[in-house]
Structure formats: structure tokens, C-alpha cells
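User: I've got this model open on my screen and want to talk through how its helices and strands pack and where the empty space is. Can you take my questions one by one?

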Amino acid sequence: MEKLMYLKANVVIEPLIDNWYAWSHLISPATAAMNIVNRHLEIMKSYMELPEVHESAAKDPKMLGGPYIDYKVRKVDEIKKLYDHTVKSRSNMIEMAEDLKRFDQLLLEKAKGYSLETLYAEVPERLKGYVELVYDLNSQPSYRLIEPLLYQSEYYNTESQSLMLSLINKDHRHFVMSTPRLQDEKSLEVRMPFESEAIDRLFQMKNTPGSVSEIKELLGIDQENSLFDQFFTSEPPPSYNKYNGDGIRWRYFGHACILVESKDLTLLFDPVLSYTYESDISRYTYQDLPDAIDYVIITHNHQDHILIETLLQIRHKVKNVVVPRNGDGALQDPSLKLVLQKLKFKNVIELDEMEEVTEKKVKITSIPFFGEHADLNIRTKAAWLIEINDKKLMLAADSCNLEPKLYEHVQKVIGDLDVLFLGMECDGAPLSWLYGPLLSQRLPWDMDQSRRLAGSNYERGMNMVECFNCDEVYIYAMGQEPWLNHVMAVKYTEDSNPIIASNKLISVCKDLCITAERLFGEKEILMGKNNPIEEHASTTF
């Protein structure tokens with residue numbers, strides 16, 4: 001009889017679309033088309049023409065996060081093959097992107113405040129029926145995508161989806177926005193749609209042993225494939241230490257990922273997790289998650305806050321996912337609900353600003369969130385207020401407190417906070433770093449640099465602390481953990497503005513007798529039902 005095995009804790013499973021690392025903008029059809037044309041094809045073409053420039057830039061720390069393919073061994077032939085395959089197999093997406101760009105220009109040229117009715121005849125054939133033409137109240141023209149229909153069209157094709165499996169033993173992976181994944185002798189690519197239940201069966205084997213031959217059959221892998229066999233072990237994982245106290249336990253997993261537990265419910269925010277392997281940096285990993293997660297809660301639609309790699313691995317544990325509501329059909333703001341439904345999450349709950357969901361005396365409220373999106377009109381963002389066991393915790397992620405009156409109004413409604421989690425990445429990348437592929441015209445350099453994907457600085461952060469009369473303040477979502485480099489490309493020094501700003505805020509808070517700390521690595525806090533901190537149970541770095 002075949003021995004049952006566990007999936008090893010250091011098996012990396014990278015979800016891919018056309019061999020590029022999958023993030024939410026590659027799931028939604030319109031943003032996927034724009035990224036294929038204006039990011040993927042441009043980077044690959046540049047690499048084919050000047051590989052030495054990419055190799056040089058990839059070695060320069062100042063170029064970290066730039067549009068440069070990073071391989072130690074030159075792979076021009078492999079990249080050309082991927083380029084040619086993309087042009088051939090995704091021709092409809094390429095044409096859609098070109099149509100969107102031309103149509104955007106046409107609107108700017110011809111929509112001058114008069115009726116838009118006649119312009120429907122000039123909508124490109126591929127876009128007809130998928131866009132509604134609109135003005136704002138100042139007669140500025142735009143269009144609204146009928147996004148649900150696009151998912152039912154030829155523009156959403158799961159044949160481009162796959163998983164790349166390999167083993168990891170160090171905190172380094174190539175930056176996902178600039179380097180496609182190519183199979184080598186140490187990796188295995190499995191062609192499979194992300195919605196497949198076989199993926200759940202595979203990840204269940206992290207905690208429940210199963211048959212390797214059966215999972216091979218489900219994944220369509222040859223039974224003689226010895227590389228796949230190396231991904232399994234007979235050694236069971238450590239058992240999970242479930243929280244059964246009368247208060248709250250929260251654990252910091254790195255960046256913006258926080259697990260909040262009471263005796264009755266578990267809430268996981270912005271799940272971005274490390275794998276388990278030897279390291280000098282102590283951390284919580286997938287092995288430190290409970291068997292069931294009542295709510296996964298997403299703050300906003302950036303790749304360091306909604307990571308498909310992590311979500312697919314925990315999908316079988318998750319009962320509900322809570323996301324900010326949008327549904328406006330703006331190109332730059334694809335619906336997270338639709339993305340998650342296509343990933344086969346069963347119960348996706350959208351909350352508008354100040355809406356709430358309550359279960360077992362735990363209340364989750366969506367709090368307005370300004371900034372961090374380079375002044376684009378994006379609704380898919382929220383800070384989250386959690387009221388649990390007489391405690392109020394607010395996770396504000398990258399909220400940039402541009403207008404302090406907002407939180408003054410909010411405070412009048414929700415009252416003071418016990419704990420505030422606040423992101424202070426106050427430099428931020430320019431607009432084009434993330435949203436550049438969606439623009440029909442390139443922004444002038446100075447405009448691009450002025451519009452940043454930035455969180456609060458010292459003054460704005462301190463204003464929030466004072467406004468909510470916080471007992472405890474934790475700076476997080478800073479992208480410092482090295483296992484996040486593949487999605488963040490951030491490296492700070494003591495002279496970096498975010499470090500200087502957060503150090504100052506922490507110092508001032510301590511002078512005011514407010515518990516304050518910048519989180520890094522791991523952290524565990526136990527909070528009594530009617531008391532402040534009971535125990536600091538682990539170490540930060």
C-alpha cells in the first residue's frame with residue numbers, strides 16, 4: 001500500500017499567467033490586456049534587444065523594482081520564445097489593449113460636452129457592448145467597463161494559467177513585475193486553471209497526508225516524475241496552537257498580514273505569508289495558520305496586500321472573504337469581488353464605506369481610506385475597524401491621512417481606539433510604477449513623480465494617533481521583510497524617510513505613554529477581555 005505523504009513546508013507554488021506572476025490586474029480582462037501590451041511585451045522586447053542593459057541594471061540596488069529581467073544566465077532564446085507565444089496566443093488581448101488606447105484618445109478628441117449617443121458608432125468592434133460612455137459633472141468624458149460580461153467573453157481564458165513549483169531555502173526571488181518565470185531543472189510547471197479543486201487537494205496535503213500518485217493524477221503529472229516526488233515528506237507538520245482565551249490574540253506575519261483570534265472567530269488581514277525554512281529572522285509561516293479561517297479581509301487591490309500565491313494555498317481553509325466595494329467599471333479599479341469569485345472563493349462580501357458585518361459579537365466595519373493611489377479614482381480601498389471582546393482595533397494599512405477632517409468625522413461615529421495599525425511607507429513609488437500600463441498617454445516625468453503610492457508621514461500619522469486617542473500604535477506594512485522582496489522591491493536604511501518618520505512617531509508616542517513599535521518579522525500580543533496588553537509573547541527584529 002502506498003505511504004501517505006505531506007507537502008513540504010518549503011514548496012513554493014507561484015501562480016502564473018502567460019508565465020508572468022499572477023496578480024489581480026492579470027486576472028481582470030481589461031487590465032490584463034493593458035499589462036500584456038504595455039508591460040510584458042515591452043520588457044521582453046527590450047531584453048531581447050539589449051540583454052546586457054538588463055543584466056547590469058539588475059545588479060544595481062538603485063534599479064531595484066525597475067523594468068529589468070533578472071537572470072544570472074542569459075536567456076534571450078527563452079524570452080523570445082515566450083514573446084512569440086504571447087503575441088500568437090494572446091492576439092485578442094493585444095488588439096483589445098490597442099482598441100482601449102485608441103478609444104480613450106477618441107473620447108478626449110470628440111466628446112466636448114454634447115450628447116455621447118453618436119459616439120457609440122465609433123466604439124471599436126471588440127469593445128462594443130462592453131463599455132458605456134459617460135461624462136462627469138464637469139463634462140469630462142470617460143467610459144465604464146461592463147466587467148462581469150468581460151469575464152464571460154473570449155478575453156478571460158484560463159488556458160494561460162499555470163503553477164510553477166519549486167523548493168525554497170532562502171529569502172530571495174526575482175521581482176515579479178519585471179521577470180517572467182521560466183521552467184528549469186529545479187522547477188515544475190503545471191498547466192491548470194486557478195479555479196481547479198485539485199489545487200485545494202494539493203494544499204490540504206500540507207496538514208493532511210495524502211497519496212502522491214493520486215495528486216499526480218489530479219494535476220496531470222506523469223507518475224514517473226521524480227522532481228514532483230521531492231516536494232513531499234513523511235514528516236508531519238507541527239500542530240497548531242489554537243487560541244482559547246477569553247480575550248484576543250493577534251499575530252503579525254509580516255508586512256500587512258495580521259491574524260486576529262478570539263475563542264470564537266479568526267480574522268486574517270492581507271495574507272502575504274512566508275514559507276518555512278531556516279533563517280536568521282524569526283517568522284510565522286503557513287504552518288502557523290488555523291485549520292479554518294472565518295474571514296480573510298483585504299484592505300486594497302495592490303499585489304502586496306492581495307497575493308494570489310497565498311490565497312490559493314489557504315482557499316480550502318477560508319469561509320468568507322471581505323473586500324472594499326467598487327463596481328464602478330473604471331479601468332484602473334477592477335472589482336476584487338469578481339477576481340476572487342473567479343478564483344473560486346465561495347462567499348465574497350463587499351462592504352461600502354461605513355458598512356459592517358457582524359458575527360458572534362465580532363463587528364467588522366469598513367472605514368474610508370484616502371490616498372496611496374496616486375490621485376486615481378479608486379474605490380477598492382478601506383481601513384478596517386474590528387470590535388471584538390470589548391476592544392477596538394483599526395488596521396489602516398497604507399492610508400495616507402491627506403485630510404485630517406476625515407478621521408475626525410469617523411472618530412465621532414466609532415469613538416476611540418485601543419489599537420491602531422498604521423502603514424508609514426511615506427515615499428511611495430510613482431504612479432507609473434504600478435498603473436503605467438493602463439495609461440493611454442505617458443505622464444510627464446515631473447507629474448509622475450509628484451503622484452505617489454505613499455502612506456502617511458509623521459505629521460499625518462501622528463494626527464491619526466491623536467484623533468483616535470490610541471492606547472497602542474503599531475507601524476506595519478513597510479515591506480521590510482526580505483521574503484516580500486519579490487512583490488515589493490523595497491530596501492530601507494536608517495536614513496530612509498519612512499524609517500526616520502516612523503522612528504519619530506514611535507518616540508513621540510512613547511513620550512506620551514502610548515505603546516508604540518514598528519513591526520518586523522513576527523509579533524504576538526495577548527489582550528485580556530477587559531484589560532490592556534497581558535503578554536508580549538515573541539520577539540520582533
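User: At roughly what angle do the axes of helix α4 and helix α5 cross?

Analyst: First, a caveat: this is a predicted model, where local features need pLDDT of at least 70, side-chain atom pairs count only at pLDDT 80 or more, and totals for chains, interfaces and linings use all residues. Residues are numbered from 1 along each chain as its sequence is written, and side-chain values use heavy atoms, with hydrogens and water left out. Helix α4 covers residues 76-89 and helix α5 residues 91-110, where helices (H or I, at least four residues) and strands (E, at least two) are DSSP runs numbered from the N terminus. Their axes (lines fitted to C-alpha atoms over the stretch in contact, with angles from 0 to 180 degrees between N-to-C directions) come within 5 Å and cross at roughly 75 degrees.

User: So how is α4 oriented relative to α5?

Analyst: The axes cross at roughly 75 degrees. Angles under 35 degrees count as roughly parallel, over 145 as roughly antiparallel, 65 to 115 as roughly perpendicular and the rest as oblique. That makes α4, relative to α5, roughly perpendicular.

User: Which residues in α5 do T86, V87, K88 and S89 in α4 meet?

Analyst: Contact here means heavy atoms within 4.5 Å. T86, V87, K88 and S89 in α4 meet S91, N92 and I94 in α5.

User: What about α2 and α5: how many nonpolar residues are in their contact?

Analyst: α2 and α5 pack at about 95 degrees with axes 8 Å apart, and are therefore roughly perpendicular to each other. The α2 side is P29, A30, A32, A33, M34, I36, V37 and L41, and the α5 side is M93, I94, M96, A97, E98 and L100. For classes, Ala, Val, Leu, Ile, Met, Phe, Trp, Tyr, Cys and Pro count as nonpolar, Asp, Glu, Lys and Arg as charged, and the others, Gly among them, as polar. On that basis the contact has one charged residue, no polar and 13 nonpolar.

User: Which strands stand at the edges of the open sheet of four strands?

Analyst: The order is β3-β2-β6-β7, with antiparallel pairing; two strands pair if DSSP finds at least two bridges between them. The edge strands each have a single partner, so one side of each is left without a neighbour in the sheet. Those strands are β3 (20-21) and β7 (188-191).

User: What is the bridge partner of M164 in β7?

Analyst: Strand β6 (residues 161-167) runs antiparallel to β7, and four bridges join the two. In β7, M164 has as its bridge partner E189.

User: Now the empty space: about how much lies in the largest cavity?

Analyst: On a 1 Å grid over the protein atoms alone, a cavity is a set of points where a 1.4 Å probe fits but cannot get out, a pocket is an open set with protein on both sides within 12 Å along at least five of seven lines, and lining residues have an atom within 4 Å of a point. Points are joined across faces, edges and corners, and a volume is the space filled by probe spheres set on them. The whole structure has four cavities of 30 Å³ or more. The largest holds about 120 Å³.

User: Which of its lining residues are closest to the centre of that largest cavity?

Analyst: Its lining has nine nonpolar, five polar and four charged residues. Of the 18 lining residues, the closest to the centre are I168, R173, Y277, W483 and H486.

User: And which residues lie nearest the centre of the second largest pocket?

Analyst: This pocket holds about 1,200 Å³, and its lining divides into eleven nonpolar, eight polar and twelve charged. Of its 31 lining residues, those nearest the centre are Y71, H172, H174, D184 and K186.
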